[in-house]
Amino acid sequence: MTRVIIVDDQAMVRAGFAALLAAQSDIEVVGEAPDGAQGVELSRRTRPDVVLMDVRMPEMDGLEGARRLLTPSPGVAHLPRVLMLTTFDVDDYVYEALRAGASGFLLKDAPPADLIAAVRVVAAGDALLAPSVTRRLIADFARRRPPAKGRPALRLKALTERETEVLTLVARGMSNSEIAETLVLAEQTVKTHVSRVLTKIGLRDRAQAVVFAYESGLVTAGE
């Protein structure tokens, strides 16, 4: 059973999402909160698997809420998966949330089936990367920010040629099956490569891998 909390300042949004998710046999909604601060406190108490976190809220926004959940104070062991909710497909806050360790984001007007699938994907330990939105979001920031030098480039050197190929395709928004087809590999082999890339570079999931690939200059906007 996947335990979920919903953090959003709009009561109707919380109620709608809660009703939709609670109707699923494998999902349990264990709480709701109207802002980031209360969301963090609720997460500490209920220890959910997934936190649905709105980006823009009063008191404490979703970015700060995600940071506090994903980089907790000493002694706090629980690290939920955080799925950001946003009204806009290109949003500075979402990009920073991905850098902080959020597992992805979803547009609030996405079809109900997409929300349910997103919770399941994130709960399973994968990142939710919608190529049509995520690539555009990160590429937009990559245009404004020059590739980082020094440490990111050094971290890239730890990868084998094949691992670098896999990371490049991950950054372009490809799924494991698509990467397997492109490189003529078994899908399980691709999963192994992705896991090694994350371990070697010190990243939590595919969302952070995409950000790293752009910031290191491995992939550039427009590719």
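This is a stop-by-stop tour of the model, with a selection to make at each stop.

**Before you start**

The model is predicted, so to speak of local features a pLDDT of at least 70 is needed, side-chain atom pairs count only at pLDDT 80 or more, and totals for chains, interfaces and linings use all residues. Residues are numbered from 1 along each chain as its sequence is written, and side-chain values use heavy atoms, with hydrogens and water left out.

**Stop 1: the whole protein**

Show the cartoon. The protein has eleven helices and five strands. These are DSSP runs (helices: H or I, at least four residues; strands: E, at least two), numbered from the N terminus. Of the 223 residues, 48% are buried. Buried means under 20% relative accessible area, exposed over 50%, and partly exposed in between (1.4 Å probe, protein chains only).

Switch on the surface. About 10500 Å² is exposed, and carbon and sulfur atoms supply 52% of that area. Accessible areas come from the Shrake-Rupley method with a 1.4 Å probe; for residues, only the protein chains shown count as cover. Now consider contacts, meaning heavy atoms within 4.5 Å. Among those between residues at least 6 apart in sequence, 68% join residues at least 24 apart.

**Stop 2: Asp54**

Select aspartate 54, in strand β3 (residues 50–54). An unreviewed UniProt entry carries the annotation "modified residue: 4-aspartylphosphate" here. UniProt positions are given in the numbering used here, feature names are shortened, and annotations may be inferred rather than shown by experiment. Aspartate 54 counts as buried because its relative accessibility is 4%.

Next, display its contacts. Leaving out residues up to four places away in sequence, aspartate 54 touches Val7, Asp8, Asp9, Gly62, Met84, Leu85 and Lys108.

**Stop 3: two loops beside β3**

Select arginine 47, in the loop between α2 (36–46) and β3. Its phi is positive, about 50°, although it is not a glycine. Most residues other than glycine have a negative phi. Arginine 47 is partly exposed, with a relative accessible area of 48%.

Go to glutamate 59, in the loop between β3 and α3 (62–70). Glutamate 59 also is not a glycine, and has a positive phi of about 70°. At 75% relative accessibility, glutamate 59 counts as exposed.

**Stop 4: Gly125**

Select glycine 125, in the loop between α5 (112–123) and α6 (131–144). Glycine 125 is partly exposed, at 27% relative accessibility. Draw a distance to aspartate 49. The two C-alpha atoms are separated by 9.8 Å, with these positions 76 residues apart along the chain.

**Stop 5: Thr168**

Select threonine 168, in helix α8 (residues 161–171). Threonine 168 is buried, with a relative accessible area of 12%. A polar atom of its side chain lies 2.9 Å from the backbone oxygen of threonine 164. Not counting residues up to four places away in sequence, threonine 168 touches Leu218 and Val219.

**Stop 6: helix α10**

Select residues 187–201. At 1.5 Å a residue, the 15 residues of α10 should span 21 Å, and its end C-alpha atoms are 21 Å apart, which agrees. The expected span is 1.5 Å times one less than the number of residues.

Colour the buried residues: Val190, His193, Val194, Val197, Leu198 and Ile201. Look down the axis of α10. These buried residues fall within an arc of 135°, so they line one face of the helix. The arc is that of the directions from the helix axis to the C-beta atoms. On the other side, Gln188 and Thr199 are exposed.

Finish at glycine 202, just after α10, where phi is positive at about 80°.

Note on methods. Polar contact = N/O pair within 3.5 Å; in protein donor to acceptor, adjacent residues only side chain to side chain.
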